[in-house]
Amino acid sequence: MPKIIVEVMPKADLLDPQGKAVANALHRAGNKDIAAVRIGKRIELHFEREIKDADIEKARQLGASFLSNDVIEDVVNVHVEN
Amino acid sequence: MKIGVVTFPGTLDDRDAARAVRLAGAEAISLWHADADIKKVDAVVLPGGFSYGDYLRCGAIAAQAPVMKEIIKKANQGLPVLGICNGFQVLVESHLLPGGLIRNEHQHFICRDQGLRVENVDTAWTNAFSLNQEITIPLKNGEGGYIATKDELARLEGEGLVTFRYIGGNPNGSVNDIAGLRNERGNVVGLMPHPEHAVEPGFGPDTATAMRSGVDGLLFFKSVLNALVNA
């Protein structure tokens with residue numbers, strides 16, 4: 001099924017509590033070389049037909065307006081997977 | 001006077017908010033998230049809770065609900081709207097108030113009686129307070145850290161839109177100790193603490209006088225009645 005993937009990350013200068021908690025757990029388990037962890041979202045928009053350029057443009061708009069909040073997050077990638 | 005109280009899937013404090021409205025002397029009207037009809041109410045309360053399970057972002061999905069389309073339209077025409085906790089998050093996600101709310105800096109859910117300073121009394125929801133009045137209102141949230149861009153923050157402070165500031169300790173890492181905001185017109189106010197939990201002796205926060213006797217929250221609801229009478 002063709003899909004558009006929208007990836008959203010918390011802004012680099014904001015605290016990412018999930019990432020911090022996971023990093024702490026990884027450090028406790030001995031993974032000392034992992035300096036930091038940040039956790040974002042992968043949102044898949046599934047289509048039951050071929051994806052057109054207009055769909056990708058629409059996904060970018062939705063990414064900016066609804067799927068992310070630009071005060072706290074950045075859309076880091078929008079791409080198609082078939 | 002009819003004050004609408006919205007229920008979204010996952011709202012918790014709609015009954016408490018409706019009770020606060022009645023204790024202040026108004027009629028509480030239940031509004032349903034999926035119904036665009038806001039039943040000719042004179043004001044709206046967006047209560048606290050975890051609308052849509054806080055999916056995507058707190059308040060983000062509620063901001064898209066049919067009832068919100070109508071509330072946003074009417075709020076832009078001057079309808080008084082109060083957003084409490086999750087309701088504040090809904091207002092921010094609806095762009096009725098600027099900025100965003102993120103997970104508490106210390107990463108813990110916090111529940112306590114919180115000191116606040118009322119820094120703006122020119123709003124539909126704070127006119128019954130005196131300027132710089134210090135009040136105690138219960139606070140309970142996990143994602144109450146207020147943030148805004150540097151420019152937005154300068155504008156909020158410059159235009160005096162910060163309506164409540166935390167005193168006696170910042171509970172969640174909010175920038176400039178911001179607990180609540182108003183819009184330019186003063187009809188829309190949002191805050192993280194819960195005024196509807198401080199409206200009835202015996203059930204409010206502790207005060208110097210007696211346990212559970214704090215009723216500072218009642219003045220929010222009295223304020224909107226003043227605003228409506230004087231409108």
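Two residues are taken to be in contact, and in that sense to pack against each other, if their C-beta atoms, placed from the backbone, lie within 7 Å. The model described here is predicted, and this contact criterion is applied to helix 3 of chain B, whose buried residues pack against strand 3, strand 4, strand 5 (100–102) and strand 11 of chain B. Helix 3 spans residues 86–93 of chain B and is mostly covered, with 8 of its 8 residues buried. The buried positions run from B:Asn86, B:Gly87, B:Phe88 and B:Gln89 to B:Val90, B:Leu91, B:Val92 and B:Glu93. Just after helix 3 of chain B, the backbone of B:His95 adopts a positive phi of about 65 degrees.

Helix 2 of chain B, which comprises residues 66–75, contributes B:Val67, B:Met68, B:Ile71 and B:Ala75 as buried residues. Because these residues cover an arc of only 90 degrees around the axis, they lie on the same side of helix 2 of chain B. An α-helix has 3.6 residues a turn, so residues three or four places apart point the same way. The buried residues of helix 2 pack against strand 1, strand 2, strand 3 (43–46), strand 4 (81–84) and strand 11 (188–191) of chain B. Strand 3, strand 4 and strand 11 of chain B are thus among the elements against which the buried residues of helix 2 pack, and they are also among those against which the buried residues of helix 3 pack.

Two of the strands that pack against helix 2 are also paired with each other, since strand 1 (residues 2–7) and strand 2 (residues 27–32) of chain B run in the parallel sense and are joined over 6 bridges. Within this pairing, B:Ile3 has B:Ala28 of strand 2 as its bridge partner. The connection between the two strands passes through helix 1 (residues 14–23) of chain B, and the resulting β-α-β crossover is right-handed.

Two further residues of chain B, neither of them a glycine, also have a positive phi. For B:Lys40, the phi angle is about 55 degrees, and this residue is placed in the loop between strand 2 and strand 3 of chain B. B:Lys40 counts as exposed because it has 8 C-beta neighbours inside 10 Å, where the cut-off for an exposed residue is 12 or fewer. For B:Arg212, the phi angle is about 60 degrees, and the residue is found in the loop between strand 11 and helix 5 (218–230) of chain B. With 15 other C-beta atoms within 10 Å, B:Arg212 is partly exposed.

Chain A contains 2 helices and 3 strands, which follow one another from the N terminus in the order β-α-β-α-β. The radius of gyration of chain A is 16 Å, whereas a compact globule of 82 residues would have a value near 12 Å. Along the principal axes, the C-alpha atoms of chain A fill a box of roughly 45 × 30 × 15 Å. Buried residues account for 18% of the 82 residues in chain A. Of the contacts in chain A between residues at least 6 apart in sequence, 70% join residues at least 24 apart.

The two chains touch through 12 residues of chain B, which are in contact with 7 residues of chain A. On the chain B side of this interface, the residues divide into 3 nonpolar, 5 polar and 4 charged.

Key:
Residues numbered from 1 in each chain as written. Chains lettered and ligands numbered in written order. Predicted model: local features only at pLDDT ≥ 70, side-chain atom pairs only at ≥ 80, totals over all residues. Pairing = 2+ DSSP bridges. Helix = DSSP H or I, 4+ residues; strand = E, 2+ residues; numbered from the N terminus. Right-handed = clockwise from strand over helix to strand, strands pointing away. Rg over C-alpha atoms; globule rule 2.2 N^0.38 Å. Buried ≥ 20, exposed ≤ 12 C-beta atoms within 10 Å, placed from the backbone. Arc of directions from axis to C-beta. Nonpolar A, V, L, I, M, F, W, Y, C, P; charged D, E, K, R; others polar.
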